[in-house]
Amino acid sequence: APVVAAVDREIDRALAAAKAPASPAADDAEFLRRAHLDIAGRVPTAERAAAFLDGTDPEKRRRLIDELLAAQDFGRHLADLWRPLLAPRDSANTKPQVDKFSPWLAEQFNRNRGWDSLAGELLGATGDVKDRPETTFLMSYAEGAQPKPDLLAGAAGRVFLGVQLQCAECHDHPFAPWKQDDFWGVAAFFGKL
């Protein structure tokens, strides 16, 4: 309840600043569809929808969210969303590859690992991709089977810091506070890979 209240206060503050009215609450059918798509990545079955819509439990929305978060589809869906952001597939490689990274990522999400722990494991991974799927992040930014510090600096900035750090690779960024030295400082972190 305290977290919900804090989030609601921030939303109310942003709506007031924008002078925008809050949207009306979603009805049960809309809530059910959105929750399933957002959390599980699919629409509910007809049977599941009928049971939810016919239910009278005042806590049914909370229970649905808890149920969806506990299901294996949660991790799979998040892995489907994060896989292309963390380790884009090489479109030039037409040979089918066994993807061990997506199942590994899904397992991490289903174990409810914190992003800090997951990021640390992805950035500090060692070993062969065949044996250690978490090394996929580092090897996705490689050339000739060698991770490239400049490519990793851009990817780490984008994925873990939420900034387009690669814009400062060649010159100081014209619209942001980071400089070329900042980019190459991050790249230096990956220099010994």
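Here are four short exercises with worked solutions on the structure above.

This is a predicted model, in which local features need pLDDT of at least 70, side-chain atom pairs count only at pLDDT 80 or more, and totals for chains, interfaces and linings use all residues. Residues are numbered from 1 along each chain as its sequence is written, and side-chain values use heavy atoms, with hydrogens and water left out.

**Exercise 1. Backbone angles in two loops**

Find where lysine 19 lies and what its phi is.

Step 1: lysine 19 is in the loop between α1 (2-18) and α2 (28-40); helices here are DSSP runs (H or I, at least four residues), numbered from the N terminus.
Step 2: its phi is near 55°, a positive value in a residue other than glycine.
Step 3: for background, most residues other than glycine have a negative phi.
Step 4: now try asparagine 112, in the loop between α6 (101-110) and α7 (115-123). Phi of asparagine 112 is near 60°, again positive.
Step 5: lysine 19 is exposed, at 77% relative accessible area, and asparagine 112 is exposed at 65%. The classes are buried (under 20% relative accessible area), exposed (over 50%) and partly exposed (in between), with a 1.4 Å probe and protein chains only.

**Exercise 2. Follow helix α5**

Work out how α5 runs and what covers its buried residues.

Step 1: α5 (72-86) has 15 residues and spans 20 Å from first to last C-alpha, close to the expected 21 Å. That expectation is 1.5 Å times one less than the number of residues.
Step 2: at aspartate 80 the helix bends by about 30°, and proline 84 follows within four residues. The bend is the angle between axes fitted to the seven residues ending there and the seven starting there.
Step 3: the buried residues of α5 include Phe74, His77, Arg83 and Leu86. Among the elements covering them are α2, α4, α6 and α9.

**Exercise 3. Neighbours of leucine 86**

List some contacts (heavy atoms within 4.5 Å) of leucine 86.

Step 1: set aside its neighbours within four places in sequence.
Step 2: the partners then include Phe101, Leu105, Leu122, Phe137 and Phe160.

**Exercise 4. Check for disulfides**

How many disulfides are there?

Step 1: apply the rule, a pair of cysteine sulfur atoms within 2.5 Å.
Step 2: the sulfur of cysteine 167 is 9.9 Å from the closest cysteine sulfur, in cysteine 170, so it is too far for a bond.
Step 3: the count is zero.
Step 4: cysteine 167 is partly exposed at 35%, whereas cysteine 170 is exposed at 63%.
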